[in-house]
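Work through the two exercises below with the sequence and the model at hand. Try each task before reading its solution.

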Amino acid sequence: MSRRVQLAVVGAGPAGLEAAITAAEAGVETVVIDGYTRPGGQYFKQPLFGLHTEISPEAKTVFARLTAANVELLTDTVVWGAFSASHSEGWVLTLHGTAGPSQLEAAVLILATGAYDRPLAFPGWTLPGVMTAGAAQTLLKSQAVLSGRRVLLSGTGPLQAAVAAGLVEAGAEVVAVLEAASLPWWQLARYAPAMWGQWERLREGWGYWRTLRRAGVPYRTGWSVVAARGREGVTEVSAARLNQHGASIADTDETFAVDTLVIGYGFLPAAQLSRLLGCEHDFRPEAGGWIPYRNELMETTQPGVYAVGDGAGIGGAALAQVEGRIAACDAARRLGQLAAEVAQTEIMAQQPALNREQHFARMFGALFTPAAGLYSLALDDTLICRCEEVSLGDIKAAVEAGAQTVNEVKGLTRAGMGNCQGRMCEALTARAIAAQTGAAIEMVGEMTARPPLFPLTVAELAEAAEL
Amino acid sequence: MAQQLTVIVDGRPVTVVEGQTVAAALLAHHQRVFRRTAAGQPRGLFCGIGLCFDCLLTVNGAPNVRACQTPVAEGMMIETAAAEVW
């Protein structure tokens, strides 16, 4: 069944929920679509039904506002395709949910697709027991299950400290937290102004720090995992000190016996949908990589398609919410639900928060974007594409055969053609090509997004074709 | 306290907690190998949020089900490839 609404919001995390609530409150007919069973995204993650783990007061407030607003919520539903509508101005989303396939036509789209952990390829990174910080955090927060008994965390940014503190409090032994950034005091001092006013974040960070100190967990800056070993799962991890370019320094290796390695090297924007819609993208390493171009109203280069939150550039939940409000106000104006002057006033009122959070996001990007050297940990037999089991050596061979872009390497090796559709390997493949050819990373390009964005069975596709 | 359920993992009954995902339930029982790749390599939970498709296993006879996105249910038949070594 295809039906038409005024606004479709893709993603029910902080950005999407804020956009949907704001638009619905302005009288816009709003549908929010999310792939998970419960709204909230990763930040406002809710436990599955039956488990009684805590959600934050902030999350409770958002869910109360969502319930009060006239928002239609489609959960357990993936958006696997997006097209411009053939008979009218607007867009068609092809959906697949628990009730089967459907289509939704919307005059305006707000993409709030979020982000996921940036993986890093090193020998042994595919072993069971090696997981992302997001996986460990989800297990702990919404499942009340420990990722392991003896854990090493390696990556960059404060999420690591949050996960480590959570693991310690839940009874795991955290052998060390390795922070890839060297974080010298003069660099931190330079960003002190961006921290001014971020009291809640500082208080939270202090809490994690205290928990780790009390448990005697070493927190090493300028260190990273370089290899994981084990037969049926990780049993041992090697770490090394990094130079200023992020490359490991010879003979500084240290070995840790662990049953779990948690890696969290920042986040990648989930920008597959904006690519599929033909929005133009820009390579911005400090914002996570390829992100859609946007004007000050969060509109992409496709008219009536807005992009907000981490999926449009890593900036955190507070920035995501501000962007969601701005996009929703302009969408409501465009749809005739909000007078231009009212929308203008509302958008102006968001500017101080927008500036403050953008400032913070820039600091965050400057401090915690993985240095280029961290992409040189893979050996020739290390897999880059986990799904199709394509190694660094395979990618080197493709480059030697003449491939210069991620799409060309994809064509020759199948890297990026598996179940995850390149979400895990695209950035790693791009770095591997750039290292071989010497080309600037943005010249290596992005993988073309094609429907289905998520795997569907042939039967499911056939069913969708009947619509 | 959340309710306890019984699922069948590779033919053995296992007690799990309602509201857990298959991935969490298996990890709670120290089982971390969920599948094997075409090359025979063991894989388990990786991204944990439904995007990497590495935690695939067979649930009630249906192949390629994401362990991290599937809640456990009473009597659920879960088949991993943990024991198969090629």
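## Exercise 1: a cavity and its lining

The second largest cavity of this predicted model has a volume of about 260 Å³. Task: find which residues are the closest to the centre of the second largest cavity, and which elements give two or more residues to its lining.

Solution.

1. Place the cavity in context: the search of the whole structure finds six cavities of 30 Å³ or more.
2. Go to the centre. The lining has 22 residues, and Leu268(A), Gly288(A), Gly289(A), Trp290(A) and Ala427(A) are the closest to the centre of the second largest cavity.
3. Assign the lining to elements. Two or more residues come from each of strand 16 (267-269), helix 8 (272-276), strand 18 (289-292) and helix 14 (426-437) of chain A. Helix 14 of chain A gives the most, with four residues.
4. Sort the lining by class: 12 residues are nonpolar, five are polar and five are charged.

## Exercise 2: a sheet of three strands

Task: give the strand order of the open sheet of three strands in chain A, and say why one side of strand 12 and of strand 14 is left without a neighbour in the sheet.

Solution.

1. Read the order: the strands of chain A lie as 12-13-14, and their pairing is antiparallel.
2. Look at the edges. Strand 12 (223-229) and strand 14 (254-257) of chain A each have a single partner strand, so one side of each has no neighbour in the sheet.
3. Add the twist, which averages 30° from one strand to the next.
4. Check one pairing: strand 13 (residues 236-241) of chain A is joined to strand 14 of chain A by four bridges. Opposite Ala239(A) stands Glu254(A) in strand 14 of chain A.

Note on methods
Residues are numbered from 1 along each chain as its sequence is written. Chains are lettered from A and ligands numbered from 1 in the order in which they are written. This is a predicted model: local features need pLDDT of at least 70, side-chain atom pairs count only at pLDDT 80 or more; totals for chains, interfaces and linings use all residues. Side-chain values use heavy atoms; hydrogens and water are left out. Two strands pair if DSSP finds at least two bridges between them. Axes are lines fitted to C-alpha atoms, for helices over the stretch in contact, and angles run from 0 to 180 degrees between N-to-C directions. On a 1 Å grid over the protein atoms alone, a cavity is a set of points where a 1.4 Å probe fits but cannot get out, and a pocket is an open set with protein on both sides within 12 Å along at least five of seven lines; lining residues have an atom within 4 Å of a point. Grid points are joined across faces, edges and corners, and a volume is the space filled by probe spheres set on the points. Ala, Val, Leu, Ile, Met, Phe, Trp, Tyr, Cys and Pro count as nonpolar, Asp, Glu, Lys and Arg as charged, and the others, Gly among them, as polar.
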